[in-house]
Amino acid sequence: WQVDGFWSRPVRNRRGVFDNDPNPDVSLWGVYAVRPLAMLPDGHADLYYLGFENILAAYDQATGQELRHSLGTRIWGRPMPWEYNGEYVWQFGRFGRGDIEAWTAANAVRYNFDGLPLRPRFGVRFDVASGDRNPRSPNLQTFNPLFPSGAYFNLANPIGPQNIIDLHPVLDLNFGENVTATADWNFFWRESLGDGIYTLSGVPLRPGTPSRARFIGSSPSLTAVWRVSSYTTILTSYVRFITGPYVRDNPPSKNMDYVTVWIDYTF
C-alpha cells in the first residue's frame, strides 16, 4: 500500500505581481491509497476519500454553501496489448438547506495493434455523471468533478463533466518514432433533463429549462504531436463543436471551431 493525506486551498489569480493568495472560500482535503490488485491482469486499485468545501458554490439550481464528501475507487491496468481504466465515485454532503447525493462512473478500454502499419491504438471511453433531478427541491444531485484536468474531453473543452453522458471513441497512429496523430469524436447527452450544462470550471453554462432535449452536441478533434528533439515538442490541434437540439433550444447556439499550436522547450 501507498497512502497519502493532504489538505489544500486553491490560489486566487490576482491582477497584480506576486500577490496571489489562498482562496479563503474553498478547501480540499483527503486521503488517497494505491496498491496492486492481483486478481486482474496487471491490476491496480486506488481507493480515496476527498472532502471539499466552497462557501460560494453555484449550480443551475441555486447558489449556496457546499460541503461535499467523495468516496471513490479506480481500477486500472495495462496488460498489453490491452489497457483498461474504470473509476467510480459516490458523493454526499450538504448544499444550502438541502442534501447532496451524486455519482459518476467513468470507463475506458484501449487495444494496441502493434503488428499493423502505423501501430494503431483504438479505444472507447464511456462516462456518466449525475445531474440535478428537480431544481425546485433544495436537494442536489449534480456531480462535482472538483478540479478536473484542463484537457478533460479535448483541448477546447466546450463543456464540463457535470450532468453528462459522454461516448468517446479515439484512434492513435504512430508515424515513425517521433510523430503521433490522434483522431477522436465526443458525443454528449444530459444525464438529467432537470439540470443544465456547465463549463469545465463548474460555472453554469446553459439552464436545464425550458428545453426537454437530451442530446447536447458532438465534438470531433484531430491532434498531432511531433517530438523534434529531446528538448522540443510541437503540438497542433483542431477541435470542432457541433451543437445539438439542447443547445439550439438555449441560444446562442453557433458551432465552434478551435485551432491551437503549442511549442514546448524543456531545459
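This is a short chat about the strands and a surface patch of a predicted model.

Colleague: What should I know about the model before I look?

Modeller: It is a predicted model in which local features need pLDDT of at least 70 and side-chain atom pairs count only at pLDDT 80 or more, while totals for chains, interfaces and linings use all residues. Residues are numbered from 1 along each chain as its sequence is written, and side-chain values use heavy atoms, with hydrogens and water left out.

Colleague: OK, how are the strands ordered in the open sheet?

Modeller: The order is S1-S4-S5-S6-S7-S8-S9-S10-S11-S14-S15-S16, an open sheet of 12 strands with antiparallel pairing, where strands are DSSP runs of E with at least two residues, numbered from the N terminus, and two strands pair if DSSP finds at least two bridges between them.

Colleague: And which are the edge strands?

Modeller: Those are S1 (2-8) and S16 (256-265), each of which pairs on one side only.

Colleague: How many bridges join S4 and S5?

Modeller: S4 (residues 26-37) and S5 (residues 43-58) pair in the antiparallel sense over 12 bridges, and Val 34 stands opposite Asp 46 in S5.

Colleague: Switching topic, which strand gives the largest share of the nonpolar patch?

Modeller: That is S9, with three residues, and S9 (121-129) and S10 (164-175) each supply at least two.

Colleague: What about Val 124, where is it found?

Modeller: Val 124 is found in strand S9, and Val 124 is partly exposed, with a relative accessible area of 32%, a term for values between buried (under 20%) and exposed (over 50%), using a 1.4 Å probe and protein chains only.

How values were computed:
Helices (H or I, at least four residues) and strands (E, at least two) are DSSP runs, numbered from the N terminus.
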